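Could you walk me through this structure, starting from the inside and working outwards? I'd like to see how the pieces sit together.

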Amino acid sequence: MEVDVPRARALVAWQVELLGAYRWLADARLARVHVDGIWERLPASWRSALDGTRLAELACLSCAAADPPPRTWPLSLLAFVAACRAASPSRVPAPTALTAPLGAPPGIPRALRYGVRPKKAHEVAVLAPLVARLATELGGSAPLLVVDVGAGQGHLSALVAHAHGLQCVALDGDGALVHAGRQREHTKQRMLARAARREAGARAGTGRVELGECLLEPGVDPAVFHAAVAAASGGERECVLVGLHTCGDLAPTCLRLAKNSARVRAIICIGCCYHRCSDDGGRADGARDAPGGACEACACLLYTSPSPRDGLL
């Protein structure tokens, strides 16, 4: 499925604008609505309409039910709900591997599924071709380096490297996971080599994965990040920054690295565990990002630019 980049940029810009205007509401915690004074900040007409509202009525408001609404809502509240709905990405599944049965497609060699659970195998099988396409198209004759952050044992990097022939660096802050990943990588290389010798047409992995330990704390200096990448890859190169399940503050940290580094040509960031995000978005100085900054752009899953500094977030 082709990505409509102009439309994606316009959607992200609208999301940033909306989040900037209603950040006090978007960041609110349900259990502290009254304690933090959020309820009192709502317009009086909203409070009057919402007070005593049943869940079924709220569902009609949020889901744009076709039936006549059970009550009359304030126009400003309806406009706010419509704006949130317009700023939301499509929830209609695309007819791709995302809708395939759980697990890796049968075409992936057994060696690359070694030690990978079905859910993870499904995720990396869907994401790996997109990563490979970006690295190849943006790099031209010399594909970009793929840097997988929060990589764990490097399952995504292994598939990108050995199934698509790219060079990958897998970084994680947990030394035990990095050590286990290196052992698994050696095992996968042996299995691929045996399969290539045994089966006609099979091939050993043509790419390479280097695993390294690097804890990307909020506010990390891009020079520290690039030093870790250079140490693992053997030199400085332009790269595609990838994060699958960037937990908590790691998502905004990755986006800031992409924004502040000329060597990051593209970023794919799929966050998780948003309840672990700090209130300041993980900024080292404790300040909030200005509109358009990395913290408010955490909803962005994919961004590419034709040149290193053309319009990064």
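In this predicted model, 10 residues line the largest cavity, and L112, V116, A121, V124 and L159 are the ones nearest its centre. The volume of that cavity is about 50 Å³, and the count of cavities of 30 Å³ or more comes to 3. Who builds the wall? Helices α7 and α8 (155–164) each bring at least two residues to the lining of the largest cavity, with α7 giving the largest share, 3 residues. Sort the lining residues by character and you get 8 nonpolar, 1 polar and 1 charged.

Stay with α7 for a moment, as it also carries a salt bridge. E123 pairs with K119, and their closest N and O atoms are 2.6 Å apart. Both residues sit in helix α7 (residues 118–139), spaced 4 residues apart, which is about one turn of the helix. E123 has a relative accessibility of 19%, and since buried means under 20%, E123 counts as buried.

Now follow α8 into the strands. Together with β1 and β2, α8 makes a right-handed β-α-β unit. Strand β1 (residues 145–149) pairs with β2 in the parallel sense, over 4 bridges, and V146 stands opposite C168 in β2. On to the next neighbour: β2 also pairs with strand β3 (residues 208–213), again in the parallel sense, this time over 6 bridges. Here C168 stands opposite V209 in β3. So C168 is a handy residue to click on, as it faces V146 and V209.

How many residues of strand β2 are buried? In β2 (residues 167–172) it is 6 of the 6, so the strand is largely enclosed by the rest of the structure. Look at the two faces in turn: Q167, V169 and L171 are buried on one side, and C168, A170 and D172 are buried on the other.

Further along the chain there's another unit of this kind: β4, α11 and β5 form a right-handed β-α-β unit. Its strands β4 and β5 run parallel and are joined by 8 bridges; one pair to look for is L244 with its bridge partner I270 in β5. Strand β5 is mostly covered, with 8 of its 9 residues buried.

A salt bridge turns up beside these strands too. E236 and R263 pair up, with their closest N and O atoms 3.7 Å apart. E236 lies in the loop between α10 (222–233) and β4 (239–247), while R263 lies in the loop between α11 (250–260) and β5 (264–272), so the pair ties together parts that are 27 residues apart in sequence. How covered are the two partners? E236 counts as exposed, at 60% relative accessibility, and R263 counts as partly exposed, at 26%.

That leaves one more pair to visit. As background, side chains of opposite charge can pair when their charged atoms come close. The side chains of R54 and E57 form a salt bridge of 3.7 Å, N to O. Is each partner buried or exposed? R54 is exposed, with a relative accessible area of 55%, whereas E57 is buried, at 8%. Across the whole structure there are 6 salt bridges, including the R54 and E57 pair, the E123 and K119 pair and the E236 and R263 pair.

Notes:
Residues numbered from 1 in each chain as written. Predicted model: local features only at pLDDT ≥ 70, side-chain atom pairs only at ≥ 80, totals over all residues. Heavy atoms only, no water. Salt bridge = Lys/Arg side-chain N within 4 Å of Asp/Glu carboxyl O. Buried < 20%, exposed > 50% of the residue type's maximum accessible area, 1.4 Å probe, protein only. 1 Å grid on protein atoms, 1.4 Å probe; cavity = no way out; pocket = protein on both sides within 12 Å on 5 of 7 lines; lining within 4 Å. Points joined across faces, edges and corners; volume = space filled by probe spheres on them. Nonpolar A, V, L, I, M, F, W, Y, C, P; charged D, E, K, R; others polar. Pairing = 2+ DSSP bridges. Right-handed = clockwise from strand over helix to strand, strands pointing away.
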